[in-house]
Amino acid sequence: MAIKSYQNQAELLVRDYLLADPFVPYTSVLGGILACKMVYDIMQLISSFYFRSYAALTKIQKIEWNNRGISTLHAIFITIMSVYFVIFADLFSDRRLAGLVIFRSSPLSTFVLGVSVGYFLADLGMIFWLYPSLGGMEYVLHHLFSLVSVAYSMLSGEGQFYTYMVLISEATTPGINLRWYLDTAGMKRSNTYLLNGLAIFFAWLGARVLLFFYIFYDVYLHSYQVNQMQPFGRLLVYGVPSVLAIMNLLWFAKIVKGLKKTLAKRQ
């Protein structure tokens, strides 16, 4: 009975406060920031006990090690939720007769975007604080574009469908972070490093190249809906994916070059 009572109280808390429309943007963003802090501390604790190479890292390397743990968990979380909303949920389904897709949102979809906003704020703050140790200007631009787009979609309820489509591209982040971990741990010549490079190539091709071509095609098909958005919203839908696509292609060229180099050394 006591467990059932606590469960009911937790459900009421989530429904009446965390997912209540007026509070969603604030609770989700704050929750995202607090989750980042918690994951950072857990990464630091676990790595100290279970990874021998962690103790030999410099202070900046340890910070980046912990920080990449945050970005990996965020990427897994937001990829799963993005795939759910774009493919499996009824919220953005064409079969649902509930107004234009471009204006659809729900407390849960807004909450998830808020968690992502919290992550981008926390990560951008660390990048600025330790600039350029955790990433150069390309990372700053990527995070700024992502932050503004996700925050606008969260606050206005506009364009959440395309926001989630773009966020599927975060599926490549765990592989990129694993590559950094392998390199830092001195495993650059291992078979795992080679397989990781191949996985990054195919994941990047699918989630950051081909996916964006499909996004442009879908935006073109639904341009009559996009044009009904607020001017700033239209600018984000047309502009941000275009800028990110260019950055993705430039990074993809580096990935191909690096993979060729790795394969040449193996031969």
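This report describes the nonpolar core, a nonpolar surface patch and two buried polar residues of a predicted model.

## Nonpolar core

The largest nonpolar core holds 60 residues, and F85 and Y162 are the members that touch the most others in it. Two or more residues are contributed by each of helix 2, helix 4 (59-88), helix 5 (107-129), helix 6 (137-156), helix 7 (160-167), helix 8 (173-184), helix 9 (191-221) and helix 11 (231-266). The most is given by helix 11, which supplies nine residues. In soluble globular proteins, nonpolar side chains tend to be buried together.

What does F85 contact beyond its neighbours within four places in sequence? Its partners are L91, F92, L108, S109, V112 and Y164.

## Nonpolar surface patch

A nonpolar patch of about 800 Å² lies on the surface and is formed by M38, I42, L45, I46, F49, Y50 and F51. One of these residues, F51, sits in the loop that joins helix 2 (24-50) to helix 3 (52-55).

F51 has a relative accessible area of 40% and is therefore classed as partly exposed, since that class lies between the buried limit of 20% and the exposed limit of 50%.

## S47 in helix 2

S47 belongs to helix 2. Is S47 buried or exposed? Its relative accessibility is 1%, so S47 counts as buried; the cut-off for this class is under 20%.

The side chain of S47 reaches the backbone oxygen of M43 at 2.7 Å. When residues up to four places away in sequence are not counted, S47 touches Y54 and W65.

## D218 and Y162

D218 is located in helix 9. With a relative accessibility of 7%, D218 also falls under the 20% limit and therefore counts as buried.

Which residues are in contact with D218 once its neighbours within four places in sequence are left aside? They are F161 and Y162. With Y162 there is a polar contact between the two side chains, at 2.7 Å. Along the chain, D218 and Y162 are 56 residues apart, while their C-alpha atoms are separated by 9.1 Å. Y162 thus appears in two settings: Y162 is one of the two residues that touch the most other members of the largest nonpolar core, and the side chain of Y162 makes a polar contact with the side chain of D218.

Key
Residues are numbered from 1 along each chain as its sequence is written. This is a predicted model: local features need pLDDT of at least 70, side-chain atom pairs count only at pLDDT 80 or more; totals for chains, interfaces and linings use all residues. Side-chain values use heavy atoms; hydrogens and water are left out. Patches are made of residues with over 30% relative accessible area and no salt bridge: like charges are joined within 9 Å, nonpolar side chains (Val, Leu, Ile, Met, Phe, Trp, Tyr) within 5 Å. Accessible areas come from the Shrake-Rupley method with a 1.4 Å probe; for residues, only the protein chains shown count as cover. A salt bridge is a side-chain nitrogen of Lys or Arg within 4 Å of a carboxyl oxygen of Asp or Glu. Helices (H or I, at least four residues) and strands (E, at least two) are DSSP runs, numbered from the N terminus. Buried means under 20% relative accessible area, exposed over 50%, partly exposed in between (1.4 Å probe, protein chains only). A nonpolar core is a set of buried Ala, Val, Leu, Ile, Met, Phe, Trp, Tyr and Cys residues joined through side-chain atoms within 4.5 Å. Contact means heavy atoms within 4.5 Å. A polar contact is a pair of N or O atoms within 3.5 Å; within protein, one must be able to donate a hydrogen and the other to accept it, and residues adjacent in sequence count only if both atoms are side-chain atoms.
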